Amino acid sequence: MADTDLTIRSVETHRLALRYVHTTINRQGFPPTMREIGNALGYRSPSSAAKIVEGLVRRGWLSHVPNRPRTIIVTAEGAAELTRDFELVAAREENGVGAF
């Protein structure tokens, strides 16, 4: 699925999920569960989080073993996206513009 096929909201949801997964791995040393990802994004169902993770896998930002808990890893492409996202937020803050 190309970026042009996604709404701005879904792209932002993907970025938030990517940041959450990355932060959780760095803090805990292991990835979050689907339920934890869903809770962090305000969803009640782990299946909603699973759909978001599948979208991140399609984008190349995450990798995981389906039907296995805590196997999510941030790929090199995902790390690059996090870096771009961080640089964008920093530039906006420097210019006095809100982060989003």
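Author: Quick definition before we start: helices are DSSP runs of H or I with at least four residues, strands are runs of E with at least two, and both are numbered from the N terminus. Also, this is a predicted model.

Reader: OK, where does S45 lie, in terms of those elements?
Author: S45 isn't isolated from its surroundings: its side chain has a polar contact of 2.6 Å with the side chain of S47. Its C-alpha is also 7.0 Å from that of R35, with the two residues 10 apart in sequence. As for its place in the chain, S45 sits in the loop between α2 and α3.

Reader: Is S45 buried, partly exposed or exposed?
Author: Buried needs under 20% relative accessible area and exposed needs over 50%. S45 has 29% relative accessibility, so it counts as partly exposed.

Reader: On to α3. How far does it reach from its first C-alpha to its last?
Author: α3 covers residues 46-59, which is 14 residues. At 1.5 Å a residue you'd expect 20 Å, and the helix comes close to that. Its reach is 20 Å.

Reader: Why do the buried residues of α3 end up on the same side?
Author: The buried set is A49, I52, V53, G55, L56 and R59. They're on the same side of α3 because of the arc they cover around the axis, which is only 155°.

Reader: And which exposed residues are on the face turned away from that side?
Author: The buried side has cover from elements including α1 (8-28), α2 (34-41) and β1 (62-63). The face turned away from it carries exposed residues, namely K51 and R58.

Reader: How are α1 and α3 oriented to each other?
Author: Where they meet, V11, T13, H14, A17 and L18 of α1 face I52, G55, L56 and R59 of α3. The two axes come within 10 Å and cross at roughly 90°. Angles of 65 to 115 degrees count as roughly perpendicular. So α1 and α3 are roughly perpendicular.

Reader: What about just after α3: which residue has its backbone oxygen reached by the side chain of T75?
Author: T75 is in the loop between β2 (73-74) and α4 (76-94), and at 16% relative accessibility it counts as buried. Leaving aside neighbours within four places in sequence, T75 is in contact with G60, W61, L62 and S63. One of these, just after α3, takes a positive phi of about 90°. At 2.4 Å, the T75 side chain reaches the backbone oxygen of G60.

Reader: Which residue's side chain makes a polar contact with the side chain of T75?
Author: This contact is between two side chains, at 3.3 Å. The partner of T75 is E77.

Note on methods: Residues numbered from 1 in each chain as written. Predicted model: local features only at pLDDT ≥ 70, side-chain atom pairs only at ≥ 80, totals over all residues. Heavy atoms only, no water. Expected span 1.5 Å × (residues − 1). Buried < 20%, exposed > 50% of the residue type's maximum accessible area, 1.4 Å probe, protein only. Arc of directions from axis to C-beta. Contact = heavy atoms within 4.5 Å. Polar contact = N/O pair within 3.5 Å; in protein donor to acceptor, adjacent residues only side chain to side chain. Axes fitted to C-alpha atoms, helices over the stretch in contact; angles between N-to-C directions. Parallel < 35°, antiparallel > 145°, perpendicular 65-115°, else oblique.
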